[in-house]
Amino acid sequence: MSVLVRIPTPLRPLAGGQSELSEEGTSVREILDNLIRRFPAMKERMMDESGELRRFINIYVNEEDIRFREGVSTPLSSGDEVSIIPAIAGGA
Amino acid sequence: MTNEPSTPVFFSRALYQSIVDHARSVHPEECCGLVAADQKGSPVRVIPMTNILHSPVRYQMDPKEQFSVGKAIRLEGMSLWGIYHSHPLSEAYPSVVDINLAYYPDLFYLLASPVTTPPALRIFRIQNGKVSEFPLILKEGD
């Protein structure tokens, strides 16, 4: 099953310059695994040492933050849009 | 997009004023927001965002707002050009925290200090932990 994945500008160089691509998977976890299999350099940017999604990477399925659904276990339907959005944060 | 630190960045005084006004309106908390560019790559819009930390020393954009504004920018045919925030208590220069959390190496980072006279606005790129400052030239009009 195919979903559209939107790649944020900072990760595009690691994904062949693509801003969006089609990926196969029935959950966010599967999509991420397949994405990293295709573009291994994305792993370090998105996952921490224990293989969990980094705290400052937000993922949306359509209009919804997966943290308010089932996290990376959030199921996907054909035609869903998955957006990867690095947080914007800092401090003095 | 400009890459050499010696290359000046032109920014309208109206956009500068929008950032300063935002910084003052939430002072002493840090403000944060986005700058969108038109199809020519020129900065044309300041979009104030919510600092969900409401802190004088930290900021984090509301992720939901970030998502929806990012989508609106894309649908309008514009692009994300820069990220701004204020340092109410310190110099308008990226802190160690700013550098560590700079996930957007291709965007400009704008730092405002609302308490100086006139209010300071400085512009940087943060790439691989390295800060490069660009000369900022304010121009009249939008």
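1. Let's start with a hairpin in chain B of this predicted model. Strands β7(B) and β8(B), the latter covering residues 130-134, run antiparallel and are joined by five bridges. One pairing to look up is B:Ile123, whose bridge partner in β8(B) is B:Phe134. Two residues lie between the strands of this hairpin, and B:Asn128 takes a positive phi near 55° there.

2. Do have a look at B:Asn128 itself, in the loop between β7 and β8 of chain B. Its phi is positive although the residue is not a glycine. Is B:Asn128 buried or exposed? It has 7 C-beta neighbours inside 10 Å, and 12 or fewer is the cut-off for exposed, so B:Asn128 counts as exposed.

3. A second non-glycine residue with positive phi is worth checking alongside: B:His54, at about 45°. B:His54 sits in the loop between β3 and β4 of chain B. With 12 other C-beta atoms within 10 Å, B:His54 is exposed.

4. If you are checking backbone torsions, please also note two cis peptide bonds. The bond from B:His27 to B:Pro28 is cis, with omega near 10°, and B:Pro28 belongs to the loop between α1 and β2 of chain B. The bond joining B:Thr117 and B:Pro118 is cis too, with omega about -10°; B:Pro118 is found in the loop between β6 and β7 of chain B.

5. Helix α2(B) lends itself to a quick geometry check. Its 13 residues, 63-75, should span 18 Å at 1.5 Å a residue, and the end C-alpha atoms are indeed 18 Å apart, so the two agree. After α2(B) comes B:Gly77, with a positive phi near 80°.

6. Now for the packing. The largest nonpolar core has 33 residues, and those touching the most other members are B:Ile19, B:Val35, B:Tyr84, B:Phe108, B:Tyr109, B:Leu110 and B:Ala112. At least two core residues come from each of α1, β2, β3, β5, β6 and β7 of chain B. Which element gives the largest share? That is β6(B), with five residues. Beyond its neighbours within four places in sequence, B:Tyr109 is in contact with residues including B:Gly82, B:Ile83, B:Pro94 and B:Phe124. There is also a second, separate core of 15 residues, with A:Val5, A:Ile31, A:Leu32 and A:Tyr60 among them.

7. Turning to chain A, we have two helices and six strands, in the order β-β-α-α-β-β-β-β along the sequence. The radius of gyration of chain A is 12 Å, close to the 12 Å that the globule rule gives for 92 residues, so chain A is as compact as a globular protein of that length. The C-alpha trace of chain A spans about 45 × 30 × 25 Å along its principal axes. Of the 92 residues, 28% count as buried. Among chain A contacts between residues at least 6 apart in sequence, 54% join residues at least 24 apart.

8. Last, the contact between the chains, which takes 15 residues from chain A and 25 residues from chain B. On the chain A side, β3, β5 and β6 each give two or more residues. The chain A residues there divide into nine nonpolar, five polar and one charged. Strand pairing crosses the contact as well: β6(A) and β4(B), residues 58-60, run antiparallel and are joined by three bridges. To find this pairing on screen, start from A:Gly91, whose bridge partner in β4(B) is B:Arg58.

Key:
Residues numbered from 1 in each chain as written. Chains lettered and ligands numbered in written order. Predicted model: local features only at pLDDT ≥ 70, side-chain atom pairs only at ≥ 80, totals over all residues. Contact = placed C-beta atoms within 7 Å. Helix = DSSP H or I, 4+ residues; strand = E, 2+ residues; numbered from the N terminus. Nonpolar A, V, L, I, M, F, W, Y, C, P; charged D, E, K, R; others polar. Pairing = 2+ DSSP bridges. Expected span 1.5 Å × (residues − 1). Core = buried A, V, L, I, M, F, W, Y, C linked by C-beta atoms within 7 Å. Buried ≥ 20, exposed ≤ 12 C-beta atoms within 10 Å, placed from the backbone. Rg over C-alpha atoms; globule rule 2.2 N^0.38 Å.
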